[in-house]
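Reader: I'd like a close look at one part of this model, the nonpolar interior. Start from a single residue there, and then work outward to the charged pairs and the surface.

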Amino acid sequence: MANVKVPYLDLKAQYQSIKPEIDAAIARVLDSCQFVLGSEVAAFEQDFAKYCGTSDCIALNSGTSALHLALLAGKVGPGDEVITVPFTFVASVAAVLYAGARPVLVDIEPRSLTMDPAAVEAAITPRTKAILPVHLYGQSADMDPIMDLARRHGLVVIEDAAQAHGAKYKGRPVGSIGDMACFSFYPGKNLGACGEGGAVTTNNPEYARAVRMLRDWGQDRKYHHVLRGYNYRMEGFQGAILGVKLRHLDQWTEARRAVVQQYNELLANSDIETPVEMPWARHVYHVYTVRSADRDGLQAALTTEGVQTGIHYPVPVHMQPAYADLGYGPGAFPRAEAAAKQVLSLPLYPEITREAVAQVASAVQKASVKTPAGVSS
Ligand SMILES: Cc1ncc(COP(=O)(O)O)c(C=O)c1O
(Lines give C-alpha, C1' and ligand atoms only; values in the text may rest on other atoms or scores of the structure.)
Protein backbone atom coordinates (compact mmCIF):
# COMPACT_ATOMS: atom_id res chain seq x y z
CA MET A 1 0.00 0.00 0.00
CA ALA A 2 1.55 3.27 -1.10
CA ASN A 3 0.22 5.55 1.57
CA VAL A 4 -0.55 3.77 4.85
CA LYS A 5 -2.29 6.09 7.29
CA VAL A 6 -3.48 3.40 9.70
CA PRO A 7 -1.47 0.15 9.72
CA TYR A 8 -3.21 -3.12 10.46
CA LEU A 9 -0.72 -3.85 13.24
CA ASP A 10 2.13 -1.89 14.84
CA LEU A 11 4.57 -4.14 16.68
CA LYS A 12 7.04 -1.27 17.06
CA ALA A 13 4.60 0.68 19.22
CA GLN A 14 4.43 -2.24 21.67
CA TYR A 15 8.21 -2.64 21.79
CA GLN A 16 8.69 1.09 22.39
CA SER A 17 6.25 0.99 25.30
CA ILE A 18 8.23 -1.71 27.19
CA LYS A 19 11.70 -1.37 25.63
CA PRO A 20 13.74 -1.26 28.87
CA GLU A 21 12.09 -4.44 30.18
CA ILE A 22 12.56 -6.32 26.88
CA ASP A 23 16.15 -5.17 26.47
CA ALA A 24 16.95 -6.28 30.02
CA ALA A 25 15.37 -9.70 29.40
CA ILE A 26 17.46 -10.18 26.25
CA ALA A 27 20.61 -9.11 28.12
CA ARG A 28 19.87 -11.68 30.85
CA VAL A 29 19.72 -14.48 28.29
CA LEU A 30 22.94 -13.31 26.63
CA ASP A 31 24.65 -13.22 30.02
CA SER A 32 23.40 -16.66 31.05
CA CYS A 33 23.93 -18.22 27.59
CA GLN A 34 20.80 -20.36 28.21
CA PHE A 35 19.70 -20.09 24.60
CA VAL A 36 17.47 -23.18 24.46
CA LEU A 37 14.94 -23.83 27.25
CA GLY A 38 16.73 -22.80 30.51
CA SER A 39 15.56 -20.90 33.57
CA GLU A 40 13.77 -18.03 31.73
CA VAL A 41 11.67 -20.53 29.77
CA ALA A 42 10.95 -22.54 32.94
CA ALA A 43 9.84 -19.37 34.76
CA PHE A 44 7.56 -18.42 31.86
CA GLU A 45 6.06 -21.92 31.88
CA GLN A 46 5.16 -21.53 35.55
CA ASP A 47 3.71 -18.06 35.06
CA PHE A 48 1.67 -19.01 32.01
CA ALA A 49 0.30 -22.18 33.66
CA LYS A 50 -0.82 -20.03 36.59
CA TYR A 51 -2.35 -17.49 34.21
CA CYS A 52 -4.34 -20.23 32.46
CA GLY A 53 -5.31 -22.00 35.68
CA THR A 54 -3.48 -25.23 34.80
CA SER A 55 -0.93 -27.35 36.61
CA ASP A 56 1.38 -27.48 33.59
CA CYS A 57 2.59 -25.44 30.65
CA ILE A 58 5.14 -26.84 28.21
CA ALA A 59 6.86 -24.17 26.11
CA LEU A 60 7.53 -25.01 22.47
CA ASN A 61 8.82 -23.46 19.28
CA SER A 62 5.40 -22.80 17.67
CA GLY A 63 1.66 -23.20 17.98
CA THR A 64 1.77 -25.76 15.20
CA SER A 65 4.20 -27.87 17.25
CA ALA A 66 1.82 -27.51 20.21
CA LEU A 67 -1.05 -28.95 18.18
CA HIS A 68 1.14 -31.75 16.83
CA LEU A 69 2.41 -32.80 20.26
CA ALA A 70 -0.98 -32.46 21.99
CA LEU A 71 -2.42 -34.85 19.41
CA LEU A 72 0.45 -37.31 19.90
CA ALA A 73 0.18 -37.09 23.69
CA GLY A 74 -3.55 -37.81 23.28
CA LYS A 75 -2.48 -40.96 21.41
CA VAL A 76 -4.02 -39.80 18.14
CA GLY A 77 -2.51 -41.66 15.20
CA PRO A 78 -3.15 -43.49 11.94
CA GLY A 79 -6.70 -44.81 11.63
CA ASP A 80 -8.09 -42.17 14.02
CA GLU A 81 -10.37 -39.26 13.20
CA VAL A 82 -10.21 -35.79 14.74
CA ILE A 83 -13.18 -33.44 14.47
CA THR A 84 -12.31 -29.80 13.78
CA VAL A 85 -13.49 -26.85 11.68
CA PRO A 86 -12.72 -25.62 8.15
CA PHE A 87 -12.85 -21.93 9.13
CA THR A 88 -9.49 -21.59 10.86
CA PHE A 89 -5.83 -21.08 10.12
CA VAL A 90 -4.64 -24.10 8.16
CA ALA A 91 -2.43 -25.34 11.04
CA SER A 92 -5.44 -26.68 13.02
CA VAL A 93 -6.11 -29.18 10.24
CA ALA A 94 -2.51 -29.74 9.13
CA ALA A 95 -1.49 -30.87 12.63
CA VAL A 96 -4.05 -33.69 12.50
CA LEU A 97 -2.38 -34.90 9.30
CA TYR A 98 1.08 -34.57 10.95
CA ALA A 99 -0.18 -37.05 13.56
CA GLY A 100 -1.21 -39.44 10.77
CA ALA A 101 -4.93 -39.11 11.55
CA ARG A 102 -7.85 -37.96 9.40
CA PRO A 103 -9.38 -34.49 9.93
CA VAL A 104 -13.19 -34.64 9.95
CA LEU A 105 -14.58 -31.16 9.47
CA VAL A 106 -17.83 -29.68 10.80
CA ASP A 107 -19.40 -26.31 10.02
CA ILE A 108 -19.30 -23.27 12.29
CA GLU A 109 -21.98 -21.58 14.35
CA PRO A 110 -22.95 -18.44 12.38
CA ARG A 111 -22.53 -15.72 15.01
CA SER A 112 -19.37 -16.73 16.84
CA LEU A 113 -17.88 -18.41 13.73
CA THR A 114 -16.60 -21.15 16.06
CA MET A 115 -17.34 -24.91 16.02
CA ASP A 116 -21.06 -25.68 15.98
CA PRO A 117 -21.54 -28.25 18.78
CA ALA A 118 -24.77 -29.42 17.13
CA ALA A 119 -22.75 -30.53 14.09
CA VAL A 120 -20.19 -32.45 16.16
CA GLU A 121 -22.40 -35.28 17.38
CA ALA A 122 -23.36 -36.28 13.83
CA ALA A 123 -19.68 -36.42 12.86
CA ILE A 124 -18.68 -38.88 15.62
CA THR A 125 -17.82 -42.39 14.38
CA PRO A 126 -16.18 -45.38 16.07
CA ARG A 127 -12.85 -44.04 14.76
CA THR A 128 -13.20 -40.58 16.36
CA LYS A 129 -10.43 -40.00 18.89
CA ALA A 130 -10.44 -36.27 19.55
CA ILE A 131 -12.30 -32.98 19.11
CA LEU A 132 -10.28 -29.87 18.29
CA PRO A 133 -12.35 -26.67 18.67
CA VAL A 134 -10.72 -23.36 17.68
CA HIS A 135 -11.19 -20.20 19.78
CA LEU A 136 -11.34 -18.05 16.66
CA TYR A 137 -10.38 -14.36 16.70
CA GLY A 138 -9.99 -14.44 20.50
CA GLN A 139 -13.42 -15.83 21.37
CA SER A 140 -13.97 -19.21 22.99
CA ALA A 141 -15.93 -21.90 21.20
CA ASP A 142 -19.03 -23.12 23.10
CA MET A 143 -17.12 -25.61 25.25
CA ASP A 144 -19.77 -27.10 27.58
CA PRO A 145 -21.68 -29.08 24.92
CA ILE A 146 -18.37 -30.07 23.29
CA MET A 147 -16.96 -31.37 26.61
CA ASP A 148 -20.22 -33.14 27.32
CA LEU A 149 -20.11 -34.97 23.98
CA ALA A 150 -16.45 -35.82 24.49
CA ARG A 151 -17.06 -37.30 27.95
CA ARG A 152 -20.00 -39.36 26.70
CA HIS A 153 -17.95 -40.78 23.80
CA GLY A 154 -14.57 -41.04 25.56
CA LEU A 155 -12.85 -38.47 23.34
CA VAL A 156 -9.89 -36.20 24.01
CA VAL A 157 -10.54 -32.45 23.68
CA ILE A 158 -7.71 -30.23 22.47
CA GLU A 159 -8.42 -26.50 22.46
CA ASP A 160 -6.77 -24.51 19.68
CA ALA A 161 -6.23 -21.35 21.76
CA ALA A 162 -3.60 -19.91 19.38
CA GLN A 163 -5.61 -16.67 19.08
CA ALA A 164 -7.15 -16.51 22.54
CA HIS A 165 -4.63 -15.78 25.32
CA GLY A 166 -6.60 -14.60 28.34
CA ALA A 167 -10.03 -15.31 26.84
CA LYS A 168 -12.66 -16.82 29.11
CA TYR A 169 -15.54 -19.27 28.73
CA LYS A 170 -18.24 -18.82 31.38
CA GLY A 171 -15.60 -17.19 33.58
CA ARG A 172 -12.99 -19.93 33.13
CA PRO A 173 -9.74 -19.24 31.28
CA VAL A 174 -9.35 -20.93 27.92
CA GLY A 175 -6.46 -23.33 28.09
CA SER A 176 -7.93 -24.99 31.20
CA ILE A 177 -11.19 -26.36 29.80
CA GLY A 178 -10.23 -29.18 27.43
CA ASP A 179 -7.79 -32.00 28.18
CA MET A 180 -5.02 -29.95 26.60
CA ALA A 181 -4.81 -26.55 24.92
CA CYS A 182 -2.43 -25.13 22.33
CA PHE A 183 -1.18 -21.55 22.18
CA SER A 184 0.84 -19.70 19.57
CA PHE A 185 3.18 -16.84 20.47
CA TYR A 186 3.76 -15.74 16.88
CA PRO A 187 4.76 -12.03 17.05
CA GLY A 188 1.35 -10.57 16.08
CA LYS A 189 -0.59 -12.65 18.62
CA ASN A 190 -2.06 -11.00 21.75
CA LEU A 191 0.90 -12.50 23.62
CA GLY A 192 3.63 -12.53 21.00
CA ALA A 193 7.29 -13.50 21.09
CA CYS A 194 10.06 -11.81 19.09
CA GLY A 195 10.13 -14.84 16.82
CA GLU A 196 8.30 -18.16 16.83
CA GLY A 197 6.84 -19.72 19.98
CA GLY A 198 4.03 -21.89 21.30
CA ALA A 199 2.88 -23.88 24.32
CA VAL A 200 0.63 -26.67 25.51
CA THR A 201 -1.28 -26.20 28.77
CA THR A 202 -2.93 -29.05 30.66
CA ASN A 203 -4.08 -30.22 34.08
CA ASN A 204 -3.19 -33.81 33.24
CA PRO A 205 0.31 -34.81 34.45
CA GLU A 206 0.56 -37.71 31.98
CA TYR A 207 -0.14 -35.50 28.97
CA ALA A 208 2.30 -32.93 30.37
CA ARG A 209 5.03 -35.55 30.73
CA ALA A 210 4.49 -36.85 27.19
CA VAL A 211 4.56 -33.35 25.61
CA ARG A 212 7.65 -32.44 27.66
CA MET A 213 9.51 -35.50 26.40
CA LEU A 214 8.27 -35.24 22.82
CA ARG A 215 9.49 -31.64 22.46
CA ASP A 216 13.06 -32.75 23.28
CA TRP A 217 13.63 -35.90 21.24
CA GLY A 218 11.52 -38.13 23.47
CA GLN A 219 14.19 -38.26 26.15
CA ASP A 220 13.31 -39.09 29.74
CA ARG A 221 16.91 -38.24 30.61
CA LYS A 222 19.83 -37.21 28.48
CA TYR A 223 20.37 -39.60 25.53
CA HIS A 224 17.69 -42.05 26.72
CA HIS A 225 14.98 -41.85 24.07
CA VAL A 226 11.79 -43.56 25.22
CA LEU A 227 9.57 -41.87 22.62
CA ARG A 228 10.21 -40.84 19.00
CA GLY A 229 10.35 -37.13 19.61
CA TYR A 230 11.12 -33.84 17.89
CA ASN A 231 13.20 -30.73 18.30
CA TYR A 232 10.33 -28.43 19.30
CA ARG A 233 12.02 -26.62 22.22
CA MET A 234 11.44 -22.94 23.00
CA GLU A 235 14.44 -20.59 22.77
CA GLY A 236 15.68 -18.80 25.88
CA PHE A 237 15.15 -15.36 24.32
CA GLN A 238 11.49 -16.09 23.64
CA GLY A 239 10.86 -17.38 27.17
CA ALA A 240 12.44 -14.28 28.70
CA ILE A 241 10.51 -11.91 26.41
CA LEU A 242 7.20 -13.72 26.92
CA GLY A 243 7.70 -13.58 30.68
CA VAL A 244 7.94 -9.79 30.45
CA LYS A 245 4.99 -9.45 28.09
CA LEU A 246 2.71 -11.73 30.13
CA ARG A 247 2.78 -9.13 32.92
CA HIS A 248 1.24 -6.61 30.48
CA LEU A 249 -1.26 -8.90 28.81
CA ASP A 250 -4.36 -8.07 30.86
CA GLN A 251 -3.81 -4.36 30.40
CA TRP A 252 -3.37 -4.88 26.63
CA THR A 253 -6.57 -6.92 26.52
CA GLU A 254 -8.43 -4.07 28.26
CA ALA A 255 -7.02 -1.66 25.67
CA ARG A 256 -8.17 -3.95 22.84
CA ARG A 257 -11.64 -4.17 24.33
CA ALA A 258 -11.86 -0.37 24.62
CA VAL A 259 -10.92 -0.04 20.93
CA VAL A 260 -13.62 -2.58 20.06
CA GLN A 261 -16.21 -0.65 22.03
CA GLN A 262 -15.29 2.48 20.09
CA TYR A 263 -15.49 0.64 16.75
CA ASN A 264 -18.84 -0.94 17.69
CA GLU A 265 -20.31 2.45 18.60
CA LEU A 266 -19.01 4.20 15.49
CA LEU A 267 -20.13 1.39 13.17
CA ALA A 268 -23.51 0.70 14.78
CA ASN A 269 -25.44 2.38 11.99
CA SER A 270 -23.45 1.15 9.04
CA ASP A 271 -24.38 -1.65 6.65
CA ILE A 272 -21.64 -3.94 7.90
CA GLU A 273 -22.00 -6.46 10.72
CA THR A 274 -19.82 -5.95 13.77
CA PRO A 275 -18.58 -8.98 15.75
CA VAL A 276 -20.78 -10.58 18.40
CA GLU A 277 -19.47 -11.32 21.89
CA MET A 278 -21.35 -14.49 22.78
CA PRO A 279 -23.05 -14.73 26.21
CA TRP A 280 -20.52 -17.38 27.30
CA ALA A 281 -17.45 -15.44 26.22
CA ARG A 282 -14.99 -12.90 27.38
CA HIS A 283 -13.57 -12.05 23.96
CA VAL A 284 -9.95 -10.86 23.79
CA TYR A 285 -10.24 -9.60 20.19
CA HIS A 286 -7.09 -10.94 18.63
CA VAL A 287 -8.74 -9.55 15.52
CA TYR A 288 -11.75 -7.28 15.02
CA THR A 289 -13.58 -8.81 12.10
CA VAL A 290 -16.60 -7.23 10.45
CA ARG A 291 -18.78 -8.79 7.76
CA SER A 292 -19.78 -7.08 4.54
CA ALA A 293 -21.80 -8.27 1.57
CA ASP A 294 -19.18 -6.52 -0.58
CA ARG A 295 -16.05 -7.34 1.39
CA ASP A 296 -13.66 -6.97 -1.53
CA GLY A 297 -15.14 -3.57 -2.45
CA LEU A 298 -14.89 -2.44 1.16
CA GLN A 299 -11.29 -3.59 1.42
CA ALA A 300 -10.35 -1.79 -1.81
CA ALA A 301 -12.03 1.42 -0.61
CA LEU A 302 -10.19 1.25 2.72
CA THR A 303 -6.88 0.66 0.94
CA THR A 304 -7.49 3.83 -1.08
CA GLU A 305 -8.08 5.69 2.20
CA GLY A 306 -4.76 4.41 3.60
CA VAL A 307 -6.33 1.87 5.99
CA GLN A 308 -4.62 -1.53 6.07
CA THR A 309 -6.90 -4.53 6.62
CA GLY A 310 -6.61 -8.33 6.74
CA ILE A 311 -8.80 -11.29 5.77
CA HIS A 312 -8.98 -14.16 8.27
CA TYR A 313 -9.47 -16.32 6.22
CA PRO A 314 -10.25 -15.90 2.52
CA VAL A 315 -10.43 -19.63 1.68
CA PRO A 316 -11.70 -22.27 4.13
CA VAL A 317 -9.29 -25.16 4.63
CA HIS A 318 -11.44 -27.71 2.76
CA MET A 319 -11.25 -25.51 -0.37
CA GLN A 320 -7.47 -25.06 -0.27
CA PRO A 321 -5.70 -26.95 -3.08
CA ALA A 322 -3.36 -28.65 -0.60
CA TYR A 323 -6.31 -30.18 1.29
CA ALA A 324 -8.56 -31.06 -1.66
CA ASP A 325 -7.99 -34.75 -0.93
CA LEU A 326 -9.79 -34.47 2.41
CA GLY A 327 -12.83 -35.10 0.22
CA TYR A 328 -14.93 -32.01 0.82
CA GLY A 329 -15.91 -29.83 -2.14
CA PRO A 330 -17.44 -26.37 -2.43
CA GLY A 331 -20.81 -26.29 -0.68
CA ALA A 332 -19.78 -28.78 2.03
CA PHE A 333 -19.73 -26.10 4.77
CA PRO A 334 -22.00 -23.21 3.71
CA ARG A 335 -21.49 -21.09 6.84
CA ALA A 336 -17.71 -21.30 6.67
CA GLU A 337 -17.79 -20.54 2.95
CA ALA A 338 -20.10 -17.53 3.43
CA ALA A 339 -17.89 -16.19 6.22
CA ALA A 340 -14.76 -16.56 4.09
CA LYS A 341 -16.37 -14.33 1.44
CA GLN A 342 -17.56 -11.66 3.87
CA VAL A 343 -15.05 -11.19 6.70
CA LEU A 344 -12.68 -8.26 6.91
CA SER A 345 -10.37 -7.52 9.85
CA LEU A 346 -9.85 -3.85 10.75
CA PRO A 347 -6.72 -2.40 12.39
CA LEU A 348 -6.54 -3.38 16.05
CA TYR A 349 -3.67 -3.34 18.51
CA PRO A 350 -3.50 -2.06 22.09
CA GLU A 351 -1.60 1.11 21.22
CA ILE A 352 -3.86 2.29 18.34
CA THR A 353 -5.12 5.81 19.05
CA ARG A 354 -8.76 6.86 19.34
CA GLU A 355 -8.15 9.22 16.40
CA ALA A 356 -6.94 6.34 14.21
CA VAL A 357 -9.97 4.22 15.14
CA ALA A 358 -12.27 7.15 14.28
CA GLN A 359 -10.45 7.54 10.96
CA VAL A 360 -10.95 3.84 10.13
CA ALA A 361 -14.61 3.94 11.14
CA SER A 362 -15.32 6.98 8.99
CA ALA A 363 -13.53 5.35 6.04
CA VAL A 364 -15.77 2.29 6.53
CA GLN A 365 -18.89 4.47 6.69
CA LYS A 366 -17.83 6.36 3.56
CA ALA A 367 -17.14 3.10 1.69
CA SER A 368 -20.14 1.15 2.84
CA VAL A 369 -22.72 3.67 1.65
CA LYS A 370 -21.69 2.45 -1.81
CA THR A 371 -22.18 -1.24 -0.99
CA PRO A 372 -25.50 -3.08 -0.96
CA ALA A 373 -26.95 -3.64 2.49
CA GLY A 374 -27.80 -6.99 4.01
CA VAL A 375 -25.39 -9.72 4.93
CA SER A 376 -26.57 -13.29 5.03
CA SER A 377 -25.03 -15.82 7.35
C1 LIG B 1 -5.96 -20.87 15.02
C2 LIG B 1 -4.50 -21.12 14.86
N3 LIG B 1 -4.01 -22.34 15.08
C4 LIG B 1 -2.69 -22.61 15.00
C5 LIG B 1 -1.78 -21.64 14.65
C6 LIG B 1 -0.34 -22.01 14.48
O7 LIG B 1 0.51 -21.30 15.30
P8 LIG B 1 2.03 -21.00 14.84
O9 LIG B 1 1.97 -20.01 13.73
O10 LIG B 1 2.67 -20.46 16.08
O11 LIG B 1 2.63 -22.30 14.42
C12 LIG B 1 -2.24 -20.34 14.44
C13 LIG B 1 -1.27 -19.27 14.12
O14 LIG B 1 -1.41 -18.45 13.30
C15 LIG B 1 -3.62 -20.07 14.52
O16 LIG B 1 -4.11 -18.84 14.29
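Author: Start with L71. Leave aside the residues up to four places away in sequence, and L71 touches V76, V82, A95, V96, A99, L132 and I158. Keep in mind that this is a predicted model.

Now place L71 in its setting. L71 belongs to the largest nonpolar core, a set of 71 residues. Three of these residues touch the most other members: L71, I83 and F87. Which helix gives this core its largest share? That is helix α4, residues 63–73, with six residues. In general, nonpolar side chains in soluble globular proteins tend to be buried together.

There is another core too, and it lies apart from this one. That core has 24 residues, among them I352, A356, V357 and A367.

Is the interior free of polar groups? Take H318 and see. H318 sits in the loop between α11 (295–304) and α12 (334–342). Buried or exposed, which is H318? H318 counts as buried, because its relative accessibility is 2%, and the cut-off for buried is under 20%. What surrounds H318? Skip the residues up to four places away in sequence, and the list is P86, L105, Y323, Y328, G329, A332, F333 and E337. With E337 there is also a polar contact. The two side chains are joined at 2.7 Å.

Next come the charged pairs. Side chains of opposite charge can pair when their charged atoms come close. This structure holds 20 salt bridges. Look at three of them, one at a time.

First, E81 and R102. Their closest N and O atoms are 3.8 Å apart. E81 lies in strand β2 (residues 81–84) and R102 in strand β3 (residues 102–105), so the salt bridge ties together parts that are 21 residues apart in sequence. The two ends have their own settings. E81 counts as buried, because its relative accessibility is 3%. R102 is partly exposed, with a relative accessible area of 40%.

Second, D179 and R151. Their side chains meet in a salt bridge of 3.1 Å, N to O. The pair links distant parts of the chain, 28 residues apart. D179 is in the loop between β7 (172–173) and β8 (180–184), while R151 is in helix α7 (residues 143–153). D179 is buried, at a relative accessible area of 17%. R151 is partly exposed, at 47%.

Third, E40 and R28. Here the N to O distance is 2.7 Å. E40 is in helix α3 and R28 in helix α2, twelve residues apart. R28 is partly exposed, because its relative accessible area is 39%.

Salt bridges can also join up. E45, D56, R212 and R215 are linked in a network of them.

Last, go out to the surface. Which residues make a nonpolar patch there? L30, F35 and V36 do, and the patch covers about 260 Å². V36 lies in the loop between α2 (19–32) and α3 (39–52). V36 is partly exposed, because its relative accessible area is 46%. Partly exposed runs between the buried limit of 20% and the exposed limit of 50%.

So what should you take away? L71 is one of the three residues that touch the most other members of the largest nonpolar core. H318 is buried and shares a polar contact with E337. V36 is partly exposed and helps make a nonpolar surface patch.

Technical notes. Residues are numbered from 1 along each chain as its sequence is written. This is a predicted model: local features need pLDDT of at least 70, side-chain atom pairs count only at pLDDT 80 or more; totals for chains, interfaces and linings use all residues. Side-chain values use heavy atoms; hydrogens and water are left out. Patches are made of residues with over 30% relative accessible area and no salt bridge: like charges are joined within 9 Å, nonpolar side chains (Val, Leu, Ile, Met, Phe, Trp, Tyr) within 5 Å. Accessible areas come from the Shrake-Rupley method with a 1.4 Å probe; for residues, only the protein chains shown count as cover. A salt bridge is a side-chain nitrogen of Lys or Arg within 4 Å of a carboxyl oxygen of Asp or Glu. Helices (H or I, at least four residues) and strands (E, at least two) are DSSP runs, numbered from the N terminus. Buried means under 20% relative accessible area, exposed over 50%, partly exposed in between (1.4 Å probe, protein chains only). A nonpolar core is a set of buried Ala, Val, Leu, Ile, Met, Phe, Trp, Tyr and Cys residues joined through side-chain atoms within 4.5 Å. Contact means heavy atoms within 4.5 Å. A polar contact is a pair of N or O atoms within 3.5 Å; within protein, one must be able to donate a hydrogen and the other to accept it, and residues adjacent in sequence count only if both atoms are side-chain atoms.
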